[in-house]
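Q: Please take a close look at the sheet in this model, and at what packs on it. Keep it brisk.

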Amino acid sequence: MAVKSITKRTVDAIKPSSLDQFVWDDALPGFGIKVTPSGRRVYVMQYRVAGLGRRAFAKRVTLGEHGPLTPDEARKLAKRELGRVAQGSDPAAERSRWKTASTVAEVGTAYLDDARARRASDAADYERRRIWDKHVVPAIGSKLVAKVSAGDVRRMHRTMHETPYLANRVVGLLRSVFAFAGKEGLRPSHDNPAMGVDPYPEENRERFLTPDEFRRLGEALDRAESVGLPPAPKKRRKPKLAKHRKHVPKSAGKPIPAEPAGVAAIRLLATTGCRENEILSLRWDAVDFERGFLRLADTKTGRSIRPLGAAAIVILRALPAAEGNPFVLHGGREVGHVKELRRLWEAVRYAAKLEDVRLHDLRHSFASVPAMSGESMLV
C-alpha cells in the first residue's frame with residue numbers, strides 16, 4: 001500500500017491486521033511505516049545496494065518507533081540514510097556488524113583516548129577516566145554497545161541517586177561515548193540511550209571555612225604528616241574474626257604518617273584556590289617562583305595565570321623535585337603523580353571536625369578570605 005505522503009494522520013488511521021502491514025511514501029521512495037498485529041508502528045527504509053541495480057536483493061532497516069519519532073523526523077533520517085546508500089553504503093550490513101561489535105568498555109576507552117588526543121587535558125582526562133573506570137565499567141562495561149538501551153542508562157542513573165552530582169556526570173559522559181559510537185558506525189547515530197535521562201537537581205553549595213576551621217584543618221594536616229591519622233569511620237576496615245587474628249602484628253591498625261605529597265596537595269588547595277586536578281597534575285615548568293605565578297596551560301577555562309601567595313610559595317619550595325619526573329606532587333614515583341586524595345581527605349576532615357566540607361570547598365574558602373576584607377571576587 002502506498003500513500004502520497006506519510007503523515008501522523010495516515011499513520012494513526014492504519015488499523016492492525018493479522019499480518020504486518022507496510023505503507024510506503026510516494027514522495028520519498030523507500031521510506032515507509034510498518035504496523036504489526038499488536039499495533040506497534042515503526043518507520044522503515046527499504047533499498048537496494050548501489051551499483052547492482054535489480055540484481056541486488058531489497059534490504060530493509062528500522063528507523064525508529066512512531067511516537068518518539070514524528071513522520072517528519074523519520075523522513076529526514078530516511079533521506080540521510082538513502083543518501084548514504086547512493087554513495088555506496090549498506091546500512092543493513094552495517095547494523096548486522098553492530099551485533100558483534102565492541103563492548104561499552106572498549107568503545108569508552110577509544111572515546112577517552114580520542115578526546116585526550118584532541119584536547120590534551122591532563123586534568124579533565126583523569127577525571128573522566130576515574131568516573132568511567134569506577135562507575136560505568138562495573139555497571140555496563142561488558143554489554144555490547146548496540147545492545148545498551150535507554151532503560152539500562154536510566155537504571156544506572158537511579159542506583160546513584162544518593163550522589164546526584166556524580167550520577168549526572170556519569171550520564172553526561174555516557175552521552176558523549178554513545179555519540180562517539182554513532183560517528184564510528186557502531187550503532188545508529190540518532191539512537192543515543194543516554195539522551196532524555198532527566199538529571200537530578202543539583203544544589204550549588206557555598207561552604208566557607210571560618211578562621212577557627214582553617215586552624216583545625218592546619219592542625220589535622222600537621223598530625224597527618226607527623227604521626228598519621230586514623231581513617232574516617234566510614235573508611236575503616238571491619239575487624240577480622242578472632243580465629244583469623246593470631247598472626248596480626250601488634251602495630252596493625254596504628255596510624256602511620258601520610259604521604260607528604262598528599263598533605264602538600266591539600267595545603268596547596270587551601271592556599272592557591274586551584275582545582276584538585278590542577279594541583280595534582282601541576283608540573284614544575286608551570287611554577288614561576290621569581291614572579292610568584294602558576295602558569296597553567298590546561299584548566300577548565302583554558303590557559304590561566306594564578307598568583308601565588310607567600311604561604312603557597314613556602315609549601316612549593318619545600319617539595320623535592322624528582323629527576324626525570326616533571327610533576328610537583330610525584331610522591332616519590334619515577335613516573336606520574338599523586339592520583340587522588342579521597343582517603344586522606346576523609347581522615348583529615350574527620351580529625352578536624354569538618355565532615356560537611358568537600359575538597360572543592362577549599363577553593364571557595366580561598367576566594368572568600370579577600371572577599372571578606374572588601375576585595376572584589378575578580379581579585
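A: Start with one pair of residues: Val 23 has Ile 33 in E3 as its bridge partner. This is a predicted model. The pair belongs to a wider match, in which strand E2 (residues 21-25) and strand E3 (residues 31-35) are joined by 4 bridges. These two strands run antiparallel. Strands of a sheet pair through backbone hydrogen bonds, either parallel or antiparallel.

Now widen the view. The sheet is open and has 5 strands, in the order E1-E2-E3-E4-E5. Its pairing is mixed. Strand E1 (2-3) and strand E5 (59-65) stand at the edges. Each has a single partner strand, so one side of each is left without a neighbour in the sheet.

Next, the helix on the sheet. H2 lies across E2, E3, E4 and E5. Strand E4 covers 41-47, and H2 runs at about 20° to E4.

One residue of this helix deserves a closer look. Arg 75 sits in helix H2, which spans residues 71-86. Is Arg 75 buried or exposed? Its relative accessibility is 13%, and buried means under 20%, so Arg 75 counts as buried. The side chain of Arg 75 makes a polar contact with the side chain of Asp 25, at 2.8 Å. Asp 25 falls within E2, residues 21-25. Leaving aside residues up to four places away in sequence, Arg 75 touches Ser 5, Ile 6, Asp 25, Leu 28 and Phe 31. Of these, Phe 31 belongs to E3, residues 31-35.

Terms used. Residues are numbered from 1 along each chain as its sequence is written. This is a predicted model: local features need pLDDT of at least 70, side-chain atom pairs count only at pLDDT 80 or more; totals for chains, interfaces and linings use all residues. Side-chain values use heavy atoms; hydrogens and water are left out. Buried means under 20% relative accessible area, exposed over 50%, partly exposed in between (1.4 Å probe, protein chains only). A polar contact is a pair of N or O atoms within 3.5 Å; within protein, one must be able to donate a hydrogen and the other to accept it, and residues adjacent in sequence count only if both atoms are side-chain atoms. Contact means heavy atoms within 4.5 Å. Two strands pair if DSSP finds at least two bridges between them. Axes are lines fitted to C-alpha atoms, for helices over the stretch in contact, and angles run from 0 to 180 degrees between N-to-C directions.
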